[in-house]
Amino acid sequence: MSANLAKLEAHLATRSYVEGYTPSQADVAVFKAIASAPSASANPNVARWYTHIQSYSAEFESLSGSSKAGEAFLGGDDAAPAAAAKEEDDDEVDLFGSDEEDDAEAERIKAERVAAYNAKKALKPKTIAKSVVTFEVKPWDDETDMAKLEESVRAIEMPGLVWGASKLVPIGYGIRKLQITIVVEDELVSLEDLQDRVAELEEYVQSSDVTAMQKL
């Protein structure tokens with residue numbers, strides 16, 4: 001059964017995973033229902049999610065959770081490839097009239113078709129530039145409540161910011177830092193502003209850092 005890419009695209013516009021904050025069997029079920037890597041232009045959120053989940057392919061069997069939540073995104077999208085093909089055909093506008101037409105009439109038809117073509121292109125939604133960022137937050141010491149620290153960090157809300165999977169990474173002397181994956185819309189989210197917001201959590205946070213960033 002194939003995946004419903006349109007429904008999945010809408011779902012992933014505000015989420016990093018099919019269910020919860022970490023990869024699960026629900027992600028695996030939907031991933032396996034997609035025959036090949038989705039188009040980043042047609043489904044940018046699905047393409048971002050597909051690339052991320054693919055990096056866990058060696059761990060599919062050990063991922064937690066149930067595949068049940070993924071069933072909501074299976075089936076019902078068989079017509080999508082045909083619809084996409086038709087849209088591409090529509091884009092290929094014949095800008096020139098028949099050789100048998102009168103020159104003046106041909107020019108008029110050509111101008112109308114060019115205008116219609118440009119109008120259609122102008123209405124197409126602009127692709128939103130996004131990035132996947134590895135964000136790290138260091139506590140003051142080994143007595144810092146890391147659960148409270150993560151809860152406070154995730155409570156930060158910004159337009160275009162989606163919090164993803166996280167883990168605690170040992171850095172020595174019993175101290176662990178929070179490493180968390182986020183997805184940001186480049187035009188809406190300033191990572192410098194995000195770090196300033198995190199720095200306000202001075203009860204828990206010593207510092208924060210962006211350690212990796214990849215464009216989607």
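This passage describes a four-stranded sheet, the helices that pack on it, a pair of packed helices and one buried arginine. The model is predicted, so local features are reported only at pLDDT of at least 70 and side-chain atom pairs only at pLDDT 80 or more, while totals for chains, interfaces and linings use all residues. Residues are numbered from 1 along each chain as its sequence is written, and side-chain values use heavy atoms, with hydrogens and water left out.

Helices (H or I, at least four residues) and strands (E, at least two) are DSSP runs, numbered from the N terminus. Two strands are taken to pair if DSSP finds at least two bridges between them. Strands of a sheet pair through backbone hydrogen bonds, either parallel or antiparallel. Here, four strands in the order S2-S3-S1-S4 form an open sheet with antiparallel pairing. Strand S2 (161-172) and strand S4 (205-215) are the edge strands, each pairing on one side only. From one strand to the next, the twist averages 20°.

Nine bridges link S2 and strand S3 (residues 175-185) in the antiparallel sense. Along this pairing, Pro170 stands opposite Arg176, and Val169 is opposite Lys177. The two strands form a hairpin with two residues between them, and Tyr173 in the turn has a positive phi of about 60°.

Angles run from 0 to 180 degrees between N-to-C directions, and axes are lines fitted to C-alpha atoms, for helices over the stretch in contact. Helix H6 (residues 146-154) lies across strand S1 (130-139), S2, S3 and S4, and runs at about 150° to S2. Helix H7 (residues 191-199) also packs on the sheet, where it touches S1, S2, S3 and S4; its direction makes about 155° with that of S4.

Helix H1 (residues 5-12) packs against helix H3 (residues 44-54) at an angle of about 80°, with the axes 8 Å apart. H1 is therefore roughly perpendicular to H3 (65 to 115 degrees). Contact (heavy atoms within 4.5 Å) is made by Leu5, Leu8, Glu9 and Leu12 of H1 and by Pro44, Asn45, Val46, Arg48 and Trp49 of H3.

Arg154 is located in helix H6. This residue counts as buried because its relative accessibility is 18%, below the limit of 20% relative accessible area (1.4 Å probe, protein chains only). Leaving aside neighbours within four places in sequence, the residues in contact with Arg154 are Tyr21, Trp163, Gly164, Ala165, Ser166 and Ile180.

Conventions
Parallel < 35°, antiparallel > 145°, perpendicular 65-115°, else oblique. Buried < 20%, exposed > 50% of the residue type's maximum accessible area, 1.4 Å probe, protein only.
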